[in-house]
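Thanks for coming. I have one structure to show, and I will keep to a handful of residues.

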Amino acid sequence: RAIAMQGFESRDAKLGGLYGAGTYFASEACKSNQYAPDELPEGRTMILARVALGRPYFAERAFENGVRKPPSSCDSVVANPGPMQGHHQYHQEFVVFDP
């Protein structure tokens, strides 16, 4: 409900995300479903969003913990499926950050 009223807010994002402290999106509903809490009495909600990435950084590995933003010349992070240094990425993910 808060997203519908106020929009996405990455400034409250956890620093432990694999690709920085931003707002995470996925190209497959099954990945997004992993983040939807199922203990809410009103059930799960999934938002279908068109996301503007600006200048994306294509990740080749997970970021160090505590990273808030992508490299300085980029606006977002794209993690494509496949082997990454340190882990295997199973779903395409997009991370956007507040300016």
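I will go through the core, then a lysine, then the surface and a loop glycine.

This is a predicted model, so please keep that in mind throughout.

Start with the inside. The largest nonpolar core has eight residues: Y19, A59, F63, V77, A79, M84, V95 and F97. As background, nonpolar side chains in soluble globular proteins tend to be buried together. One core member to look at is M84. Setting aside neighbours within four places in sequence, M84 contacts Y19, A59, E60, R61, A79 and Q89.

Next, the lysine. K31 sits in helix α2. Is K31 buried or exposed? Its relative accessible area is 12%, under the 20% cut-off, so K31 counts as buried. Residues up to four places away in sequence aside, K31 touches A26, H91 and E93.

Now the surface. I3, F8 and I47 form a nonpolar patch of about 250 Å². Of these, I47 belongs to the loop that runs between α2, residues 29-33, and β2, residues 56-58. I47 has 46% relative accessibility, and it counts as partly exposed because that value falls between 20% and 50%.

Last, the glycine. G86 is in the loop between β4, residues 82-84, and β5, residues 87-89. With a relative accessibility of 82%, which is over 50%, G86 is classed as exposed. How far apart are G86 and A62 in space? The C-alpha to C-alpha distance is 7.4 Å, with their positions 24 residues apart in sequence numbering.

That is the set I wanted to show.

How values were computed. Residues are numbered from 1 along each chain as its sequence is written. This is a predicted model: local features need pLDDT of at least 70, side-chain atom pairs count only at pLDDT 80 or more; totals for chains, interfaces and linings use all residues. Side-chain values use heavy atoms; hydrogens and water are left out. Patches are made of residues with over 30% relative accessible area and no salt bridge: like charges are joined within 9 Å, nonpolar side chains (Val, Leu, Ile, Met, Phe, Trp, Tyr) within 5 Å. Accessible areas come from the Shrake-Rupley method with a 1.4 Å probe; for residues, only the protein chains shown count as cover. A salt bridge is a side-chain nitrogen of Lys or Arg within 4 Å of a carboxyl oxygen of Asp or Glu. Helices (H or I, at least four residues) and strands (E, at least two) are DSSP runs, numbered from the N terminus. Buried means under 20% relative accessible area, exposed over 50%, partly exposed in between (1.4 Å probe, protein chains only). Contact means heavy atoms within 4.5 Å. A nonpolar core is a set of buried Ala, Val, Leu, Ile, Met, Phe, Trp, Tyr and Cys residues joined through side-chain atoms within 4.5 Å.
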